[in-house]
Amino acid sequence: MSEVATAVVPDEEHGLPDKRQVAASFSRAAASYDAVAELQRTVGTALLERLPSTLAPARWLDLGCGTGYFSRLLASRFQAGEGIALDIAEGMLRHARPQGGASRFIAGDAECLPLRDASVELIFSSLALQWCEDFPAVLSEAKRVLRPGGVLAFSSLCSGTLQELRDSWQAVDGFAHVNRFRPIGAYQQHCAASGLRLERLEVAPQVLHFAELRQLAGELKALGAHNLNPGRPGGLTGRARIRALIDAYERFRTPRGLPATYQVVYGVLRKELK
């Protein structure tokens, strides 16, 4: 349980996690990621379904490719196209390369893409951009590397994600122990100012259920998505506080188990034809 119970800084005082910590955390999780990636596969599949039906890219980019699961699906869907898989976590790329899918696997940052101008026709990014603090830079880079008429399709997380866990910790000690994500209003504002044409932007909650809180904690750790808030202290959380957290979370129990709600943002933007 200590992996979920590590931050003691108020939400409003700090930004998103340092990207080096994000890269290191997801690299360590590469081997365990796919076994517990139910949410990631559900959300990524929903993003695939939101792609324009007429899309047939000659070159596509899987931005934040992780273990390459969706790189392989994109390669199967767009068989005539060339695929590029990019991730900030070297460990994920080492795991993805032997399984194929993309033509190239590149270590890189969504806020500073190592790609030429107007070089791809689709950027697909599922549950990666929530870790980027400078979302306008992500959109600017997407606009730069997309060819005219090209599409950026992304899924991300917004505020309200894991609210049950956040509220339970609030009842225990009032500090932030849960990763923070930008509000949907920020996504709307940044997309509107991006210079890309916004074709859709929506929030679709996704709820997972767990028999015990320790299962949720274990899954977050296996995914590399446990608490990465800046300023979190080290060390274990005391047993009394963990017991209090479990008791607080039990208030949310339903017949299906303990809910963990993810507020998923889906966006599709297109670069205007010149």
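## Packing of H6 and H8

In this predicted model, helices H6 and H8 cross in the right-handed sense. H6 covers residues 135-145 and H8 covers residues 184-192. Two packed helices are described by the angle between their axes and the distance between the axes. For this pair the angle is about 35 degrees, and the axes lie 10 Å apart.

On the H6 side the contact is made by Phe-135, Pro-136 and Leu-139, and on the H8 side by Tyr-187, His-190 and Cys-191. Sorted by character, the contact residues are five nonpolar and one polar, with no charged residue.

## The sheet

The strands form an open sheet of seven, in the order E3-E2-E1-E4-E5-E7-E6 and with mixed pairing. The edges are taken by E3 (104-107) and E6 (197-210); each has a single partner strand, so one side of each is left without a neighbour in the sheet. On average, and with direction ignored, neighbouring strands of this sheet are turned by 15 degrees against each other.

The partner of edge strand E6 is E7 (residues 258-270), and the two pair in the antiparallel sense over 13 bridges. Within this pairing, Val-203 stands opposite Val-265 of E7.

Helix H6 also has a place against the sheet: H6 lies across strand E4 (120-126) and strand E5 (146-157). Relative to E5, H6 runs at about 150 degrees.

## Helix H3 and Gly-44

Helix H3 spans residues 38-49, twelve in number. From its first C-alpha to its last, H3 reaches 17 Å, close to the 16 Å expected at 1.5 Å a residue. The buried residues of H3 are Leu-39, Gln-40, Val-43, Gly-44, Ala-46, Leu-47 and Leu-48. An α-helix has 3.6 residues a turn, so residues three or four places apart point the same way.

Gly-44 lies in H3. Its relative accessible area is 0%, so Gly-44 counts as buried. Apart from neighbours within four places in sequence, Gly-44 is in contact with Phe-70, Phe-124 and Ser-126. Gly-44 and Phe-124 are 80 residues apart in sequence, but their C-alpha atoms are 9.3 Å apart in space.

## Positive phi in two loops

Most residues other than glycine have a negative phi. Ala-118, which is not a glycine, has a positive phi of about 50 degrees. Ala-118 is found in the loop between E3 and E4. With a relative accessible area of 34%, Ala-118 is partly exposed.

Leu-127 is another residue other than glycine with a positive phi, here near 55 degrees. Leu-127 belongs to the loop between E4 and H6. The relative accessibility of Leu-127 is 11%; burial is set at under 20%, so Leu-127 counts as buried.

## The chain as a whole

The protein chain holds ten helices and seven strands. Of its 274 residues, 53% count as buried. Among contacts between residues at least 6 apart in sequence, 81% join residues at least 24 apart. The contact of Gly-44 with Phe-124 is one across 80 residues of sequence.

Note on methods: Residues are numbered from 1 along each chain as its sequence is written. This is a predicted model: local features need pLDDT of at least 70, side-chain atom pairs count only at pLDDT 80 or more; totals for chains, interfaces and linings use all residues. Side-chain values use heavy atoms; hydrogens and water are left out. Two strands pair if DSSP finds at least two bridges between them. Helices (H or I, at least four residues) and strands (E, at least two) are DSSP runs, numbered from the N terminus. Axes are lines fitted to C-alpha atoms, for helices over the stretch in contact, and angles run from 0 to 180 degrees between N-to-C directions. Contact means heavy atoms within 4.5 Å. A crossing is left-handed if the near helix is turned anticlockwise from the far one by less than a right angle, and right-handed if clockwise. Ala, Val, Leu, Ile, Met, Phe, Trp, Tyr, Cys and Pro count as nonpolar, Asp, Glu, Lys and Arg as charged, and the others, Gly among them, as polar. The expected span of a helix is 1.5 Å times one less than its number of residues. Buried means under 20% relative accessible area, exposed over 50%, partly exposed in between (1.4 Å probe, protein chains only).
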